[in-house]
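I opened the model to look up a few things in turn. My notes follow in the order I took them.

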Amino acid sequence: MASNPDSEEIVYSGIIDREEYEEGVRQHYMPSALGQQIRLGAGILFVIFALVSVFTNPDLWPNGIGILFFVAMINTHLWLPQFITSQQWRKNSALGQTIRGRVNETMISFYDQEQEEKLPWEEVIYFKSTENSVLLYQNRTAFSILTRSLFHSEADWNRFVTLVSQHVLNKKQVRRDTRAVIRQAAIWIIIIVVIALIVYHLQS
């Protein structure tokens with residue numbers, strides 16, 4: 001397995017292990033740095049509130065459990081990747097099998113048995129990356145994971161990362177639609193208000 005300097009084409013082949021797959025799934029669900037801070041901060045406040053409520057009135061322990069469940073739901077990025085990886089690794093026989101393909105200036109390809117599926121760069125809407133993996137998105141939920149271990153050399157991996165960054169938009173640079181941001185903020189506000197009203201009602 002080697003790169004072709006004449007056509008600048010890179011051939012990749014190998015197996016993505018469970019740890020690498022989980023890293024990719026974790027990156028998919030990872031919110032922005034600001035989002036992480038907001039979720040963690042809100043979670044800490046709710047946990048403190050739950051503990052104080054139960055400590056001052058032990059009869060309110062069901063409320064405390066409900067609040068802890070809510071905290072878990074707003075911080076799914078901390079536990080959901082492990083759960084999804086466990087489920088997928090058990091049910092999807094294709095995981096853990098050898099994957100291969102090639103990369104050049106116009107596309108990346110994936111071989112399914114002897115059939116080659118070509119994915120032009122313009123059909124990749126954006127990418128996410130870590131030190132050892134790149135996620136290529138065809139839509140907001142469907143993505144392909146490519147890891148450093150699939151490439152024959154460090155030069156091939158670096159060339160691949162360079163090609164991706166040249167032809168595909170980094171997710172960090174994607175501007176979210178203002179209406180989508182407002183809609184998501186409104187949903188969070190409604191959820192928090194509803195939970196606060198429920199807790200207030202149960203304590204009354």
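Where in the chain is N104 found? I found N104 in the loop between β2 (98–103) and β3 (107–112). I keep in mind that this is a predicted model.

Entry on N104. I asked whether N104 is buried or exposed. Its relative accessible area is 11%, and buried means under 20%, so N104 counts as buried. I then looked for polar partners: the side chain of N104 makes a polar contact with the side chain of T106, at 2.9 Å. Leaving aside neighbours within four places in sequence, I listed E8, E9, W121 and L163 as the residues in contact with N104.

Entry on W121. I followed the contact from N104 to W121. With neighbours within four places in sequence again left aside, W121 is in contact with V103, N104, E105, T106, M107, I108, L136, F160, L163, V164, H167 and V168. T106, the polar partner of N104, is thus also in the contact list of W121.

Entry on the cores. Which residues have the most contacts inside the largest nonpolar core? I noted I108, W121, L136 and F160, in a core of 28 residues. Two or more residues each come from β1 (10–15), α1 (18–29), α4 (80–91), β3, β5 (126–129), β6 (133–137), β7 (143–147) and α5 (154–167). Apart from this core I found another, of six residues, among them F46, A50, F70 and I74. As background, nonpolar side chains in soluble globular proteins tend to be buried together.

Entry on the second largest pocket. I looked up how much space lies in it and noted about 870 Å³. It is lined by 30 residues, and L95, I99, F110, S144 and I145 are the closest to its centre. The elements that each supply at least two residues of the lining are α1, α4, β2, β3, β4 (115–120) and β7. I marked α1, α4, β3 and β7 as elements that give two or more residues to the largest core and also at least two each to this lining.

Entry on the whole chain. I counted six helices and seven strands. Along the sequence they follow the pattern β-α-α-α-α-β-β-β-β-β-β-α-α. Of the 204 residues, 32% count as buried. Among contacts with a separation of 6 or more, 61% are between residues 24 or more positions apart. The chain exposes about 13,000 Å², and carbon and sulfur atoms supply 58% of that area.

Conventions. Residues are numbered from 1 along each chain as its sequence is written. This is a predicted model: local features need pLDDT of at least 70, side-chain atom pairs count only at pLDDT 80 or more; totals for chains, interfaces and linings use all residues. Side-chain values use heavy atoms; hydrogens and water are left out. Helices (H or I, at least four residues) and strands (E, at least two) are DSSP runs, numbered from the N terminus. Buried means under 20% relative accessible area, exposed over 50%, partly exposed in between (1.4 Å probe, protein chains only). Contact means heavy atoms within 4.5 Å. Accessible areas come from the Shrake-Rupley method with a 1.4 Å probe; for residues, only the protein chains shown count as cover. A polar contact is a pair of N or O atoms within 3.5 Å; within protein, one must be able to donate a hydrogen and the other to accept it, and residues adjacent in sequence count only if both atoms are side-chain atoms. A nonpolar core is a set of buried Ala, Val, Leu, Ile, Met, Phe, Trp, Tyr and Cys residues joined through side-chain atoms within 4.5 Å. On a 1 Å grid over the protein atoms alone, a cavity is a set of points where a 1.4 Å probe fits but cannot get out, and a pocket is an open set with protein on both sides within 12 Å along at least five of seven lines; lining residues have an atom within 4 Å of a point. Grid points are joined across faces, edges and corners, and a volume is the space filled by probe spheres set on the points.
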